[in-house]
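The exercises below are to be worked with the sequence and the coordinates at hand. Each task is followed by a solution in steps.

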Amino acid sequence: MKESVSAPLLSVIIPTRHRLDLLAECLDCLRPQVQGLTVDELEVIVSDDGVAPTAQRMISEQYPWVRWIKGPEKGPASNRNHGAGFARAPLLAFVDDDCLPASGWAAAYLQAAEAFPGYQVFEGKTVADRPQMRFDEVSPVNETGGNLWTCNLMVRAEYFKAIGGFCEDFRFELEDLEFKTRVEKDQQPLCFVAEARVCHPWRKVVKRDTIAVDSIMTFLKHHPDHKQYYSLTTRLKIILPRFFLLVPEAFRFRFRGIHYVVPHLLYELRSAFVIAYRLSK
């Protein structure tokens, strides 16, 4: 890929690892002509944590306008930071490799950055591809803002560097919650850009129970002032009502995925006690 003479307006960073088919669908949505921008204006960087085979050959052959770089293999937070380190634009947009940005997604972010120069952090609208049909599928829906999911956000490059990027202590998840918490503590408002729309199709749940507890403990290590939100009483008030919703939801989903939800809720109960015990030590 030939480097542009002038710096692009927006750099899009996509972390990936062994999901070539999903990544290809995402890149198809980000073709400059689909986004209404030129190759010089839109820079797309794929930071690849995969081992052989990686996405390098596919990108070289099918997406020559995309910049492929080898990831650090230290988890998604580190992978996003790594990709951002190669970005040349003053604006950094992050999207996941299993997402489908709508046409005009990038242009909507650029327009918002110009219209609201006082904002440092922007988030787009994230929707699912259909109504939920099973218990054992998830999608990070964000239709009105306030979540700052890493699958659809933009931040000014200088601010991203100043705030320290994503915390690399998180090897698997919750780096977006921790990033949002630092942004809020820095008293930076979030600018919701509804026109920057991304579709995140429902995906089958990958069970990673021990990771969830470890990620929460990592988060509380960095933000001990949030321990009150993870007290046993607080967690039980959130978890227990879900059991009462099982019966109507079971009929609504026609019991599809029911094998997942009960063990998962029981795990959440166990996790609440484990976290409370660790915090008491």
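A residue is called buried when its relative accessible area is under 20%, exposed when that area is over 50%, and partly exposed in between. The model is a predicted one.

**Exercise 1. Classify both partners of the salt bridge between Asp-28 and Arg-31.**

Step 1. The closest N and O atoms of Asp-28 and Arg-31 are 3.2 Å apart, and a salt bridge requires such a pair within 4 Å.

Step 2. Arg-31 has a relative accessible area of 23%, so this residue is partly exposed.

Step 3. For Asp-28 the relative accessible area is 34%, which again means partly exposed.

**Exercise 2. Determine which elements the salt bridge between Arg-80 and Glu-175 links, and whether its partners are buried or exposed.**

Step 1. Between Arg-80 and Glu-175, the closest N and O atoms are 2.5 Å apart.

Step 2. Arg-80 belongs to helix α4 (residues 76–84) and Glu-175 to helix α7; with their positions 95 residues apart, the pair links distant parts of the chain.

Step 3. Arg-80 has a relative accessible area of 4% and is therefore buried. Glu-175 also counts as buried, because its relative accessibility is 4%.

**Exercise 3. Describe how helix α7 is covered, and examine the salt bridge between Lys-180 and Glu-184.**

Step 1. Helix α7 spans residues 175–185, and 8 of its 11 residues are buried, so the helix is largely enclosed by the rest of the structure.

Step 2. The buried set includes the charged residues Glu-175, Asp-176, Glu-178, Lys-180 and Arg-182. Phe-179, Thr-181 and Val-183 belong to it as well.

Step 3. Lys-180 and Glu-184 form a salt bridge whose closest N and O atoms are 2.7 Å apart. The two residues lie 4 places apart in α7, which means a separation of about one helical turn. An α-helix has 3.6 residues a turn, so residues three or four places apart point the same way.

Step 4. Lys-180, at 15% relative accessibility, is buried, whereas Glu-184, at 41%, is partly exposed.

Step 5. After the helix comes Gln-187, with a positive phi near 60°.

**Exercise 4. State how many residues of helix α5 are buried, and name them.**

Step 1. Helix α5 covers residues 105–115, and 8 of these 11 residues are buried.

Step 2. The aromatic residues Trp-105 and Tyr-109 are among them. The others are Ala-106, Ala-107, Ala-108, Leu-110, Ala-112 and Ala-113.

**Exercise 5. Locate Thr-16 and list its contacts beyond four places in sequence.**

Step 1. Thr-16 lies in strand β1, residues 10–16.

Step 2. With a relative accessible area of 4%, Thr-16 is buried.

Step 3. Its contacts, sequence neighbours within four places left aside, are Leu-23, Val-46, Ser-47, Asp-48, Asp-49, Gly-50, Asn-79 and Asp-97.

Step 4. Asp-97 also takes part in a network of salt bridges with Arg-19, Asp-98 and Arg-203. The whole structure holds 17 salt bridges.

**Exercise 6. Compare the radius of gyration of the chain with that of a compact globule.**

Step 1. For 281 residues, a compact globule would have a value near 19 Å; the chain has 20 Å, which agrees.

Step 2. The C-alpha atoms fill a box of roughly 60 × 40 × 40 Å along the principal axes.

Step 3. Buried residues account for 47% of the 281. Of the contacts between residues at least 6 apart in sequence, 76% join residues at least 24 apart.

Definitions and conventions. Residues are numbered from 1 along each chain as its sequence is written. This is a predicted model: local features need pLDDT of at least 70, side-chain atom pairs count only at pLDDT 80 or more; totals for chains, interfaces and linings use all residues. Side-chain values use heavy atoms; hydrogens and water are left out. The radius of gyration is taken over C-alpha atoms; the globule rule is 2.2 Å times the number of residues to the power 0.38. Buried means under 20% relative accessible area, exposed over 50%, partly exposed in between (1.4 Å probe, protein chains only). Contact means heavy atoms within 4.5 Å. A salt bridge is a side-chain nitrogen of Lys or Arg within 4 Å of a carboxyl oxygen of Asp or Glu.
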